[in-house]
Amino acid sequence: MINIMLVCNAGMSTSMLVNKMVEAAKQQNIEATIWAIPDARLNEEWKKADVILLGPQVSYLKSRVETITAGSVPVEAIPMMDYGRMNGPAVLSMALRLKK
């Protein structure tokens, strides 16, 4: 089981990506909880995550998130191309690599 949290500004397009990732996880028989939050909820949500992925529009928050988590959770920005194409399988694969 892996818990993947996506962070964005408001959550509209990121929630579409979450759906694509959930679909990909089901197809690959991967047990995953995947959800998106606005950056304002980061302090209260981060402890539930095994991996934190930042939408390209909030990638500037990476060092702040790493400070908040004290390096205990892998944090990475989602590549613009994968985000723009809503490439759920690629972003899921990225999260799984970060978890290892």
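Modeller: Helices (H or I, at least four residues) and strands (E, at least two) are DSSP runs, numbered from the N terminus. The model is predicted, with local features needing pLDDT of at least 70 and side-chain atom pairs pLDDT 80 or more, while totals for chains, interfaces and linings use all residues. Residues are numbered from 1 along each chain as its sequence is written, and side-chain values use heavy atoms, without hydrogens and water.

Colleague: Which residue with positive phi follows α1?

Modeller: Helix α1 spans residues 12-27 and contains 16 residues. After α1 comes a residue whose phi is positive, near 55 degrees, namely N29.

Colleague: How wide an arc do the buried residues of α1 cover?

Modeller: T14, L17, V18, M21, A24 and A25 are buried (under 20% relative accessible area, 1.4 Å probe, protein chains only). They lie on the same side of α1 because their arc, taken from the directions from the helix axis to the C-beta atoms, is only 125 degrees.

Colleague: Which residues are exposed on the other side of α1?

Modeller: The buried residues of α1 are covered by elements including β1 (2-8), β2 (32-38) and α5 (88-99), through contacts (heavy atoms within 4.5 Å). On the other side of α1, the exposed residues (over 50%) are M12, N19, K26 and Q27.

Colleague: What is the relative accessible area of E45?

Modeller: E45 belongs to helix α2 (residues 42-45). Setting aside residues up to four places away in sequence, E45 touches M5, W35 and I37. E45 is classed as buried because its relative accessible area is 9%.

Conventions. Expected span 1.5 Å × (residues − 1).
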